[in-house]
Structures are given as C-alpha cells and as structure tokens.
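This report describes charged pairs, a pocket and a surface patch in one protein chain. The structure is shown first.

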Amino acid sequence: MADAPANDAPYRLIDDVRFGDDVRVYSFTNLYGCSVGDGTRIGTFVEVQRGATIGSRCKIQSHTFICDGVRIGDGVFVGHGVMFINDKQPRAVGEGGNLQAEDDWELVETVVRDGASLGSGSVILCGVTIGAGALVGAGAVVTRDVPPGAVVAGVPARALLASRA
Ligand SMILES: CC(C)(COP(=O)(O)OP(=O)(O)OC[C@H]1O[C@@H](n2cnc3c(N)ncnc32)[C@H](O)[C@@H]1OP(=O)(O)O)[C@@H](O)C(=O)NCCC(=O)NCCS
C-alpha cells in the first residue's frame with residue numbers, strides 16, 4: 001500500500017489514505033482516512049470519508065460522496081453524483097440545542113459487492129447491501145437490499161428486470 005496515488009493532479013486534499021498500485025485520483029477531490037484498491041479511478045469533486053473502503057478496479061465518477069461506513073468491493077462502477085448515507089435519523093443539534101458530536105448519532109454501514117454498478121444520481125440509504133453484479137438505475141433511491149444481479153430503479157428502488165447475470 002502507498003500513501004499517494006499514482007498520478008499527479010492539482011487541488012487534491014489527501015490525508016491518511018492507503019492506496020493500492022496504479023490508483024488515479026483527479027482534481028478537486030477530498031480523501032481522508034480511507035483505503036482505495038489497485039487500479040481504481042476517482043473522478044473530480046469526489047469526497048471519500050474516513051472509514052470508507054473502496055476495492056480494486058473501481059470507477060468512482062465525478063461529484064460522488066462516499067461516507068464513513070461504506071464498503072465497496074472490486075470492479076464496482078459508481079456513477080456521477082451518487083450519494084451514500086450513514087445516519088438514518090440525522091439531526092443538527094441534540095436535546096439541549098448544542099451541535100451534535102460524534103457520539104450523538106449511530107453510524108449505519110452499507111456494503112456494495114463486487115461488480116455492482118450504481119447509476120448517476122442514485123441515493124443509497126444506509127444499512128443496505130447491494131449484491132454482486134447488481135445494477136441500480138439512474139436517480140434511484142435504494143432503501144432495501146438489492147439481490148445479486150438484479151436491476152432496480154425508481155423511488156423507492158424496485159426490481160426492473162429479474163436478473164442480467
Ligand atoms: C435502469 C436501466 C439499467 C434500465 O435500462 P434498460 O433495461 O435498457 O431499460 P429501458 O430503458 O428499456 O426502460 C425500461 C423501463 O424502465 C424505466 N426506466 C429505465 N430507467 C429508469 C430509471 N433510471 N428510473 C426509473 N425508471 C427507469 C423506463 O421508463 C421503462 O419504463 P416503461 O416500460 O414504463 O416505459 C437504465 O435506464 C439506467 O438507469 N442505467 C444507469 C445509467 C447511468 O446512470 N449511467 C452512469 C454513467 S453515464
């Protein structure tokens with residue numbers, strides 16, 4: 001593992017990230033405390049938070065947000081502007097009116113298995129597993145587990161076709 005990507009690009013904030021071989025990270029990105037596997041590409045305006053893991057040979061397209069608690073397998077396509085979520089009941093402040101801190105909310109994890117694809121603009125609610133090779137349509141809101149090989153779309157996401165495996 002390396003502490004820098006394979007390419008140079010201006011305007012990147014990279015802190016405490018573990019990179020595999022030949023990872024490319026483009027400009028205007030913010031990656032901290034996460035890991036990225038061999039050969040993965042990370043497009044512009046992507047943020048990957050502390051605690052997230054991304055496998056090998058993934059394509060993370062521009063404007064996507066990958067938060068703490070998200071585990072992405074190998075060969076996963078994440079389209080443009082995909083939003084992950086890790087707090088199902090978000091609040092800015094607690095009962096006393098003070099800003100919430102780390103211990104005031106419950107982190108809920110999400111798993112994306114090998115070979116899955118997430119369409120542009122999709123929103124992945126926390127606590128779900130997206131199965132291997134599944135395809136999430138553009139603009140979908142995923143609220144439940146997606147079976148391996150399934151194609152889902154819509155709000156909330158439902159099966160479009162039984163399987164393309
Ligand atoms: C979900 C998807 C894979 C379906 O493709 P497809 O199997 O060729 O489906 P079709 O285009 O034949 O559409 C089948 C039906 O699903 C609907 N549909 C297709 N995509 C949809 C989507 N993203 N959300 C809601 N409905 C969708 C169509 O309107 C159609 O409905 P109808 O039969 O009532 O007219 C595709 O539309 C999609 O969203 N792919 C993701 C693309 C993407 O984000 N790429 C990122 C990189 S650019």
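Asp-22, Arg-24 and Arg-41 are joined in a network of salt bridges. The model is a predicted one.

**Salt bridges**

The count of salt bridges comes to three. Side chains of opposite charge can pair when their charged atoms come close. The pairs are set out below.

| Pair | N to O distance |
|---|---|
| Asp-16 and Arg-50 | 3.1 Å |
| Arg-24 and Asp-22 | 3.4 Å |
| Arg-41 and Asp-22 | 3.6 Å |

In the network, Asp-22 meets Arg-41 in a salt bridge, and this pair links distant parts of the chain. Arg-41 is in strand 6 (residues 41–42), while Asp-22 is in the loop between strand 2 and strand 3 (24–25), 19 residues apart. Asp-22 also meets the side chain of Arg-24.

How exposed is Asp-22? Asp-22 counts as partly exposed because its relative accessibility is 37%, which lies between the limits of 20% and 50%. Arg-24, at 29% relative accessibility, is partly exposed, and Arg-41 is partly exposed at 26%.

Outside this network, Asp-16 pairs with Arg-50, with the closest N and O atoms 3.1 Å apart. This pair, too, links distant parts of the chain: Asp-16 sits in the loop between strand 1 and strand 2 (18–19), and Arg-50 in the loop between strand 7 (47–48) and strand 8 (53–54), 34 residues apart. Asp-16 has a relative accessibility of 52% and so counts as exposed, the cut-off being over 50%. Arg-50, at 40%, counts as partly exposed.

**Largest pocket**

Arg-50 is also one of the residues that line the largest pocket. The other lining residues are Tyr-32, Gln-49, Asp-68, Asn-86, Glu-102, Trp-105 and Leu-107. By type, the lining divides into three nonpolar, two polar and three charged residues. The volume of the largest pocket is about 190 Å³.

**Surface patch and an exposed loop residue**

Which residues form a nonpolar patch on the surface? Tyr-11, Phe-28 and Phe-45 do, and together they have about 370 Å² of accessible area. Tyr-11 is placed in the segment before strand 1 (12–15). Its relative accessible area is 61%, so Tyr-11 is exposed.

Asp-103 lies in the loop between strand 13 (83–84) and strand 14 (110–112). Asp-103 counts as exposed because its relative accessibility is 75%. From C-alpha to C-alpha, Asp-103 and Ala-6 are 36 Å apart in space, and they are 97 residues apart in sequence.

How values were computed
Residues numbered from 1 in each chain as written. Predicted model: local features only at pLDDT ≥ 70, side-chain atom pairs only at ≥ 80, totals over all residues. Heavy atoms only, no water. Patch = residues over 30% accessible without salt bridge, like charges linked within 9 Å, V, L, I, M, F, W, Y side chains within 5 Å. Areas by Shrake-Rupley, 256 points an atom, 1.4 Å probe, with all protein chains shown as cover. Salt bridge = Lys/Arg side-chain N within 4 Å of Asp/Glu carboxyl O. Helix = DSSP H or I, 4+ residues; strand = E, 2+ residues; numbered from the N terminus. Buried < 20%, exposed > 50% of the residue type's maximum accessible area, 1.4 Å probe, protein only. 1 Å grid on protein atoms, 1.4 Å probe; cavity = no way out; pocket = protein on both sides within 12 Å on 5 of 7 lines; lining within 4 Å. Points joined across faces, edges and corners; volume = space filled by probe spheres on them. Nonpolar A, V, L, I, M, F, W, Y, C, P; charged D, E, K, R; others polar.
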